[in-house]
Amino acid sequence: MSRRRAVCRWAPALCAGLLLVGASAAAAAPEGTLIFALHFSPVTRWLDPAEGESTITPYLLLYALHDGLLKPMPGSGSAPSLAESWSMAKDGPSAEFTLRPGIKFHNGDPVTPDDVKFSFERYRGGAAKILRDTVKEIQLPAPNRVRFVFKEPWPDFPAFYGTFVASAGWVVPRRYVERVGEEGFRKAPVGAGPYKFVSFNPGVELVLEAFDGY
């Protein structure tokens, strides 16, 4: 059963995987409240994909609030999510993604290739240097397509862009970030994931609400 609300509280640990159970697809409308406890206190930067460290811990929150072009899913270490499809050019000089139609952020803005480009360029997490050293440019050849062009063939690109190594492929709304600023986004993040932000009291609780448009 999907849940209308998820509440994370910092207390002796329960199974963190409950968050993903609450986010699973269901025919019925979301209802009820899912409360689970953690043995650590998440920090504000974990609500923002741009700050993602190259460790698995921040993804507990990223999977709830945000979504990526590619991400680890059951049965696949790197599966399309916001991307409807993707491909590497022959011999690996570029990678191209086609976005799913009709995807929207929690504030109603559509997810666009420009948001993908903005999110990559804004990323400053653990794998930022190798991504910037390797990606020459990001092209937007069509309203639903994004192309990453590399400085030299890089067949390992999906192993960085679509796994827990980096959160550069997790997409945030450019217009919203530019309107509220970096600090404003950390205080009230907007994503495209199964839950939308309600409130965060550091050291006490994080409250999320099911996003019916997911």
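1. In this predicted model, 4 strands make up an open sheet. Their order is β5-β6-β8-β7, and they pair in the antiparallel sense. Strands of a sheet pair through backbone hydrogen bonds, and that pairing can be parallel or antiparallel.

2. Which strands stand at the edges? They are β5 (83-88) and β7 (135-142). Each has a single partner strand, so one side of each is left without a neighbour in the sheet. On average, neighbouring strands of this sheet are turned by 15° against each other, direction ignored.

3. Look next at β6 and β8. Strand β6 covers residues 94-99 and strand β8 covers residues 145-150. The two pair in the antiparallel sense over 5 bridges. Take Ser94 as a way in: its bridge partner in β8 is Val149.

4. A helix goes with this sheet. Helix α3 (residues 113-122) lies across β6, β7 and β8. Relative to β7, helix α3 runs at about 170°.

5. Now turn to Tyr176. This residue lies in helix α6, which spans residues 174-187. Is Tyr176 buried or exposed? Its relative accessible area is 10%. Buried means under 20%, so Tyr176 counts as buried.

6. What is Tyr176 in contact with, leaving aside its neighbours within four places in sequence? The partners are Asn107, Gly184, Phe185, Ala188 and Val190. Pro189 is 13 residues from Tyr176 along the chain, and the C-alpha atoms of these two residues are separated by 9.2 Å.

Notes:
Residues numbered from 1 in each chain as written. Predicted model: local features only at pLDDT ≥ 70, side-chain atom pairs only at ≥ 80, totals over all residues. Heavy atoms only, no water. Pairing = 2+ DSSP bridges. Helix = DSSP H or I, 4+ residues; strand = E, 2+ residues; numbered from the N terminus. Axes fitted to C-alpha atoms, helices over the stretch in contact; angles between N-to-C directions. Contact = heavy atoms within 4.5 Å. Buried < 20%, exposed > 50% of the residue type's maximum accessible area, 1.4 Å probe, protein only.
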